[in-house]
Amino acid sequence: MQLRLACIPGDGVGPEVIAAALPVIRDAAALHGAQLDVLEVDWGGERHLRTGAPMPADAADIVRQHDAVLFGAVGRPDVPDHELVWGLIIALRQQLDLAVNLRPVRSWDGVPSVVTSAPGTDLLIVRENTEGEYSGAGGRAHRASGAELAVEVAIHSRHAIERAARYAFDQASRRRGRLALVTKSNAMRHGYTLWDEVVADVAEDFPAVEWQPVLVDAMAARMVQRPTELDVLLCSNLFGDILADLAAVLAGGLGMAPSANVSPQATPGLFEPIHGSAPDIAGQGIANPVACLLSGAMMLDHSGLPAAGDSIRDAIATALLDPSIHTPDLGGTGTTEGVATAVRAALNRERNTR
Ligand code: NAI
Ligand code: MG
């Protein structure tokens, strides 16, 4: 089996974690009989400075010729953040109609968390990925008057809510059968009341899933106090973005949290660590590659190779038991390359014992 992968290393630590993760992902695929055929593209901040755009106009068409996309991160101090986030990652999510963003978070033996209730956490954030507060609708007026104002419009459509909800309930029915709908329908009385209604309709098709609506502020507290009770969290675009960073801290930090942008249709998925380009540590070789490795594992899961995804996750679990490889974000003195080498060694031990 041949897997055609478009790879966007991007900026900052993006290329560092991709360079470390790709050989491991390649080995895991090979272990399960698949070959990776990788096209690496130069999309990101440097390209934006050179050409005025972070990716070419036909980027979505290029992506469609592949089975999946592995993305590092974008963002550099000399380019306004919204140019790159809107010019690349949100653009691809919208153009490819990547309706759902999956953000699994679990705690790992041997990896400390600053949250004492975190051990045993295993949750999945399912985030609507194309509209909500990130629809891009709005504008700025009266720029020169000294009384400038901005309007940012959130869009919540029945169509988008329903497909995210169906995906989330389906995931819950394959997991522990519990789902929390995260909203703010007490204070935002248009969009989030629509969420409540649509999700109640969808829930009728999944009678085995126990579900409840939870207000986002209460959920933030619950995630810190009792995270092990949580299974699937169904969120709007904004709330899913924020709560995913909080959830990542349960697992040890942003360097531990992967994501998948997927479409219920057959378009290629886009897999990326949830973290950004981390300019504060870029170039030092100390970025944690686990989030990128786990994103690669999700890419293999969604490409019909879940056993290869499991091989990566098992190898990470084994490698992380050794604190001497932990990168500084986990409190250690290890390096990006050191983590990748340890994971690759664990993976190769699996191959040799087969
Ligand atoms: P960030 O995720 O890049 O960094 C936040 C903190 O987490 C920093 O202290 C950083 O050192 C740490 N961190 C992140 N990834 C890490 C890793 N793999 N290993 C160890 N530590 C890690 O978020 P920040 O600082 O808000 O944004 C930096 C840039 O990244 C901005 O330009 C922003 O727009 C962009 N960004 C891009 C995203 C994307 O490409 N999907 C997502 C989030 C931010
Ligand atoms: Mg984010």
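This report walks through helix packing, aromatic pairs, a few buried residues and two unusual backbone angles in a predicted model.

**Helix packing**

Let's start with helix 10, residues 306-320, since two of the packing pairs here involve it. Its partner on one side of the story is helix 1, residues 14-31, and the two pack at an angle of about 130 degrees with axes 8 Å apart. Angles between 115 and 145 degrees fall in the oblique class, so helix 1 and helix 10 are oblique to each other. The other partner is helix 11, residues 336-353, where the angle is about 120 degrees and the axes are again 8 Å apart. That pair is therefore oblique as well.

Helix 1 also packs against helix 9, with an angle of about 35 degrees and axes 9 Å apart. Here are the three pairs side by side.

| Helix pair | Angle | Axis distance |
|---|---|---|
| Helix 1 and helix 10 | about 130 degrees | 8 Å |
| Helix 10 and helix 11 | about 120 degrees | 8 Å |
| Helix 1 and helix 9 | about 35 degrees | 9 Å |

As for handedness, helix 1 passes helix 10 in a right-handed crossing, helix 10 and helix 11 cross right-handed, and helix 1 passes helix 9 right-handed too.

Now for the residues that do the touching. Between helix 1 and helix 10, I25, A28, A29 and L31 on the helix 1 side meet A308, S311 and I312 on the helix 10 side. S311 and I312 turn up again in the contact with helix 11, together with A315, I316, T318 and A319. Across from them in helix 11 sit A342, V343, A346, L347, R349 and E350. Against helix 9, helix 1 uses V17, I18, A21, V24, I25, A28 and A29. Their counterparts in helix 9 are C292, L293, G296, M299 and L300.

**W108 and its surroundings**

W108 belongs to the loop between strand 4 (100-106) and strand 5 (122-128). Is it buried or exposed? W108 has a relative accessible area of 5%, so it is buried. Beyond its sequence neighbours within four places, it contacts A251, M256, L294, R313, I316, A317 and L320. One of these, M256, is 148 residues away in sequence, yet the C-alpha atoms of W108 and M256 are 9.5 Å apart. There's a charge to keep in mind as well: R106 lies over the face of W108, at 3.5 Å from the ring centre.

**Aromatic pairs and T183**

A pair of aromatic rings is described by the distance of the centres and the angle of the planes. Searching the whole structure turns up 3 aromatic pairs. In one of them, the rings of Y192 and F239 have centres 5.0 Å apart and planes at 10 degrees, so this pair is stacked. The pair ties together distant parts of the chain, with Y192 in helix 6 (residues 191-203) and F239 in helix 8 (residues 237-250), 47 residues apart. Both Y192 and F239 are buried. Elsewhere, ring pairs join F169, F206 and W211 into a cluster.

T183 touches both members of the stacked pair: its contacts, leaving out residues up to four places away in sequence, are Y192, W195, D196, V214, L215, V216 and F239. T183 sits in strand 8 (residues 178-183). With a relative accessibility of 1%, T183 counts as buried.

**V41**

V41 is in the loop between strand 2 (35-40) and helix 2 (45-51). Its relative accessibility is 15%, so V41 counts as buried. Not counting residues up to four places away in sequence, V41 touches C7, I8 and P9. V41 and A59 are 18 residues apart in sequence and 9.9 Å apart in space, C-alpha to C-alpha.

**Two positive phi angles**

Most residues other than glycine have a negative phi. Which phi does H142 have? H142 is not a glycine, but its phi is positive, at about 55 degrees. H142 lies in the loop between strand 6 (132-141) and strand 7 (149-155), and at a relative accessible area of 52% it is exposed.

A278 is another non-glycine residue with a positive phi, in this case about 40 degrees. The loop holding A278 runs between strand 12 (269-273) and helix 9 (290-302). A278 has a relative accessibility of 23%, so it counts as partly exposed.

How values were computed. Residues numbered from 1 in each chain as written. Chains lettered and ligands numbered in written order. Predicted model: local features only at pLDDT ≥ 70, side-chain atom pairs only at ≥ 80, totals over all residues. Heavy atoms only, no water. Helix = DSSP H or I, 4+ residues; strand = E, 2+ residues; numbered from the N terminus. Buried < 20%, exposed > 50% of the residue type's maximum accessible area, 1.4 Å probe, protein only. Contact = heavy atoms within 4.5 Å. Phe/Tyr/Trp six-rings, centres within 6.5 Å; stacked < 30°, edge-to-face > 60°. Lys NZ or Arg CZ within 6 Å of the ring centre and 35° of its normal. Axes fitted to C-alpha atoms, helices over the stretch in contact; angles between N-to-C directions. Parallel < 35°, antiparallel > 145°, perpendicular 65-115°, else oblique. Left-handed = near helix turned anticlockwise from the far one by under 90°.
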